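Work through the exercises below with the model open beside the text. Each one sets a task and then solves it in steps.

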Amino acid sequence: MRSSRSSVSRTLGPAVLTALLLIPNAASPAGAVPGDEDSPSLPGIRATVADGRPCTAKSAKKSARTPWAQSFLGIDRAWELSRGAGVEVAVVSTGADASRVPALDGRVTGGRDVVAGGTVRDDCAGYGTFLAGLVAGKRQEGLAAAGVAPEARVIAVRATDKEGLTTPEALADGIRAATASGARIIHVALAVPSAPRKLKDAVAAALKAGAVVVAPASAREWESGSGASRAESGPVYPAALPGVLAVSSVGPGGEPDTQGAEQGPRTRPRLSAPGVSVTGPGPGGGGQFTGGGDAVAGAFVAGTAALVLSYHPGLSGEQIAHRLEATAYGAVGDAPDPGVGPGIVDPVRALSAVLPEEHASSPSGTRTASAAHAVPPLDPPTARDHALAVAGGAVAVTLLVAFLAVVLPRGRRRGWRAGTAGGPAGGATSSAD
């Protein structure tokens with residue numbers, strides 16, 4: 001008996017190891033992101049440049065890692081359905097440096113500079129360049145980073161001074177310019193503490209023209225030196241205006257970005273997206289930066305809206321906004337987290353889900369239900385999914401170990417000779433052993 005147990009024990013060791021090697025990541029949580037955040041060695045980019053300081057210098061660093069936000073949102077899978085071809089996204093921000101940034105080559109057109117006049121040709125702060133890359137930047141050789149909608153086009157509208165600061169009136173002019181450009185997606189990547197009639201009318205005109213208007217839910221990026229810093233609390237605009245998709249930022253674990261969330265002006269978000277330690281291109285060349293904030297999160301929502309419009313070209317702006325909200329996955333817990341809103345944008349679901357209310361009065365240009373089912377919706381990773389994955393792996397290990405524990409000793413005793421057929425013969429072989 002002791003000899004038999006020793007034999008089985010010697011067999012189980014390699015068998016267990018073999019079984020575990022055959023089931024890679026059996027105990028790893030689905031959707032886990034190695035390293036969580038992107039490379040900390042990349043320089044950070046800010047929304048504004050301090051008064052009297054030079055423009056943002058180009059970055060000499062790059063990271064070959066896949067940005068956590070791309071993995072978190074499943075963007076590679078969304079590209080199986082849409083890459084945003086044929087869609088124009090207006091980014092109302094600090095401008096864009098399209099001529100010197102490889103990721104933006106052929107992707108960005110200079111729109112109006114409503115503050116200095118003329119056409120946008122540069123970007124002192126660099127923030128608009130960074131956001132344009134998150135929306136539609138193309139993948140560079142040796143780099144995994146790319147925009148959400150790499151085949152869309154960005155129209156860069158500047159509504160700030162050289163330092164990156166704006167006013168409600170300038171912001172209204174920027175939104176008017178974005179609407180006049182014909183862009184169906186407008187990312188207003190700026191926030192102000194008040195909304196005069198001119199700003200309200202500009203947003204209303206954009207919505208009436210069929211555009212989706214996305215804006216940051218807080219003014220944290222502009223709190224140093226901007227007019228928003230003088231408001232201790234209350235809503236920010238245009239995020240708080242009717243019909244605007246107010247967006248907040250989340251970190252690698254899907255938790256709300258709490259930096260400054262307890263103070264300063266803020267509007268309750270309608271959606272959330274990655275906005276902490278996000279990798280993207282910047283001004284001056286091919287180097288990369290990391291940035292964050294609600295305007296960064298808004299770039300992911302605007303890019304997702306571009307994917308949806310390209311795949312469902314018959315949808316109205318209101319329908320696109322509804323689809324983004326209806327397909328978002330919610331915050332952890334029974335009640336939505338006020339810092340996250342109803343949910344985090346989900347590009348795959350936004351493209352593939354079939355919404356009954358949408359097809360009840362579907363425009364003729366909208367794709368059919370069968371086309372929308374081409375890829376099943378992507379469920380967010382949950383504790384139940386992890387438990388099932390681990391349990392399934394454990395069952396497979398058990399079955400494989402049991403099989404090897406029986407077969408290997410018998411094969412060794414027979415000298416790996418094939419046994420004779422039939423029950424009695426098998427018993428004779430056992431007796432002979």
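**Exercise 1. Surface and overall build**

What does the accessible surface of the protein come to, and what percentage of it belongs to carbon and sulfur atoms?

Solution. The model is predicted. Its accessible surface comes to about 19,600 Å². Of that area, 54% belongs to carbon and sulfur atoms. Next, take the residues: the protein has 433 of them, and 49% count as buried. The secondary structure consists of 13 helices and 9 strands. Finally, consider contacts between residues at least 6 apart in sequence: 80% of these join residues at least 24 apart.

**Exercise 2. The nonpolar core**

Find the residues with the most contacts inside the largest nonpolar core, and the helix that gives the most to this core.

Solution. The largest nonpolar core has 102 residues. Inside it, the most contacts belong to Leu131, Leu199, Phe300, Val301 and Leu324. The helix that gives the most to this core is α7, residues 294-311, with 13 residues. Now take Leu324 and set aside residues up to four places away in sequence. Leu324 then touches Val301, Thr304, Ala305 and Val308, as well as Leu245, Leu271, Val345 and Ala350.

**Exercise 3. The residue after Leu324**

Is Glu325 buried, partly exposed or exposed?

Solution. Glu325 sits in helix α8, which covers residues 317-326. Its relative accessibility is 26%. Buried requires under 20% and exposed requires over 50%, so Glu325 counts as partly exposed. Beyond its neighbours within four places in sequence, Glu325 is in contact with Leu245, Arg270 and Leu271. Leu245 and Leu271 also appear among the residues that Leu324 touches. For a distance check, use Ile344, which is 19 residues from Glu325 along the chain: the two C-alpha atoms are separated by 8.4 Å.

**Exercise 4. The cavity**

Locate the largest cavity and describe its lining.

Solution. Rolling a probe the size of a water molecule over the atoms shows where empty space is left. The structure holds 1 cavity of 30 Å³ or more. About 210 Å³ of space lies in the largest cavity. Its lining is made up of 24 residues, and those nearest the centre are Ala145, Ala146, Gly280, Pro281 and Gln288. Two or more lining residues come from each of α2 (68-73), α4 (127-136) and β8 (278-281). Strand β8 supplies the largest share, 3 residues. By type, the lining divides into 12 nonpolar, 11 polar and 1 charged.

**Exercise 5. A glutamine in helix α2**

Why does Gln70 count as buried?

Solution. Gln70 lies in helix α2. Its relative accessible area is 5%. The cut-off for buried is under 20%, and therefore Gln70 counts as buried. Leaving aside neighbours within four places in sequence, the contacts of Gln70 are Ile75, Asp76, Trp79, Arg139, Ala144, Ala145 and Ala146. Ala145 and Ala146 are among the lining residues nearest the centre of the largest cavity.

**Exercise 6. Backbone details in two loops**

Check the peptide bond before Pro238 and the phi angle of Ser277.

Solution. Pro238 is in the loop between β5 (212-216) and β6 (245-250). The peptide bond from Tyr237 to Pro238 is cis, with omega near 10°. Ser277 belongs to the loop between β7 (271-274) and β8. Its phi is near 50°, a positive value in a residue other than glycine. With a relative accessibility of 23%, Ser277 counts as partly exposed.

Note on methods: Residues numbered from 1 in each chain as written. Predicted model: local features only at pLDDT ≥ 70, side-chain atom pairs only at ≥ 80, totals over all residues. Heavy atoms only, no water. Helix = DSSP H or I, 4+ residues; strand = E, 2+ residues; numbered from the N terminus. Buried < 20%, exposed > 50% of the residue type's maximum accessible area, 1.4 Å probe, protein only. Contact = heavy atoms within 4.5 Å. Areas by Shrake-Rupley, 256 points an atom, 1.4 Å probe, with all protein chains shown as cover. Core = buried A, V, L, I, M, F, W, Y, C linked by side-chain atoms within 4.5 Å. 1 Å grid on protein atoms, 1.4 Å probe; cavity = no way out; pocket = protein on both sides within 12 Å on 5 of 7 lines; lining within 4 Å. Points joined across faces, edges and corners; volume = space filled by probe spheres on them. Nonpolar A, V, L, I, M, F, W, Y, C, P; charged D, E, K, R; others polar.
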